Amino acid sequence: MTQGFFIVFEGGDGAGKTTQALMLEQALEKHGREVVQTREPGGTKLGQEIRQLLLHGEAVDPRAEALLYAADRAHHVATLVRPALHRGAVVIQDRYIDSSAAYQGAARELGEPEIRKLSEWGTGQLQPDLTIVLDIDPVVGAARRDKRGLQADRLEAESLEFHRVVREAFLHYAEAAPHRYLVLDATMDMVDLHAQITARLGAMGLL
């Protein structure tokens, strides 16, 4: 059995994670790999309900928000991600533990170590093989969203300073463990971005 591989896309809103994840999925499938594309929250039926509550429902207490994200993550990993990895699939995921650490731990000031420990416990310490951070200025990301005519969800509607803290948190995580991260300028041409992603995965033996 081919060993599974866990890839996570992180970054601010409007960074183009969905586009790059789809392009990567197509590239991997051309190489004969089974690919499972998923997201947090919302990768399972339970996750879809949690996503609706978190992003489009009424205001949620910050600690309750953190616990709901962790609950979704625990269920998601147990029922979708680990089974896919065990059968040798490549899992491409939009957001994971770093998002909770950045949004709830750093920006909501709940404590990054505490938030990270909660999700690590819930997932049985499952870590990505590679985290791709698409770095973007929050002002540019918001402008991209507005240009597409999309309405901001509850997190996207937070202040510019909130999103600046999130951005700095992602960059800090990547700087602390460069062997597990690939940081790219999200304003680059999407084809060039894809080429850099596939080059890194090629060096890791996946492509």
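A contact here means that heavy atoms lie within 4.5 Å. With that in hand, let's walk through this predicted model. Of the contacts in the chain between residues at least 6 apart in sequence, 77% join residues at least 24 apart.

What elements make up the fold? The chain holds eight helices and five strands. Following the sequence, you meet them in the pattern β-α-β-α-α-β-α-α-β-α-α-β-α. The radius of gyration of the chain is 16 Å, close to the 17 Å that the globule rule gives for 207 residues, so the chain is as compact as a globular protein of that length.

Here are some values for the whole chain.

| Property of the chain | Value |
|---|---|
| Box filled by the C-alpha atoms, along the principal axes | roughly 45 × 35 × 35 Å |
| Buried residues | 50% of the 207 residues |
| Exposed area | about 10,100 Å² |
| Carbon and sulfur atoms' part of the exposed area | 53% |

Next, the charges. The chain carries 23 positive and 30 negative charges, and the mean positions of these two sets are 3 Å apart.

Finally, a word on annotation. An unreviewed UniProt entry lists residues 9-197 as "domain: Thymidylate kinase-like". How much of this stretch is helix, and how much is strand? Over residues 9-197, the chain is 57% helix and 13% strand. The C-alpha atoms at the two ends of that stretch are 11 Å apart.

How values were computed:
Residues are numbered from 1 along each chain as its sequence is written. This is a predicted model: local features need pLDDT of at least 70, side-chain atom pairs count only at pLDDT 80 or more; totals for chains, interfaces and linings use all residues. Side-chain values use heavy atoms; hydrogens and water are left out. Helices (H or I, at least four residues) and strands (E, at least two) are DSSP runs, numbered from the N terminus. The radius of gyration is taken over C-alpha atoms; the globule rule is 2.2 Å times the number of residues to the power 0.38. Buried means under 20% relative accessible area, exposed over 50%, partly exposed in between (1.4 Å probe, protein chains only). Accessible areas come from the Shrake-Rupley method with a 1.4 Å probe; for residues, only the protein chains shown count as cover. Lys and Arg count as positive and Asp and Glu as negative; His and the chain ends are not counted. The place of a charge is taken as NZ of Lys, CZ of Arg, CG of Asp or CD of Glu. UniProt positions are given in the numbering used here, feature names are shortened, and annotations may be inferred rather than shown by experiment.
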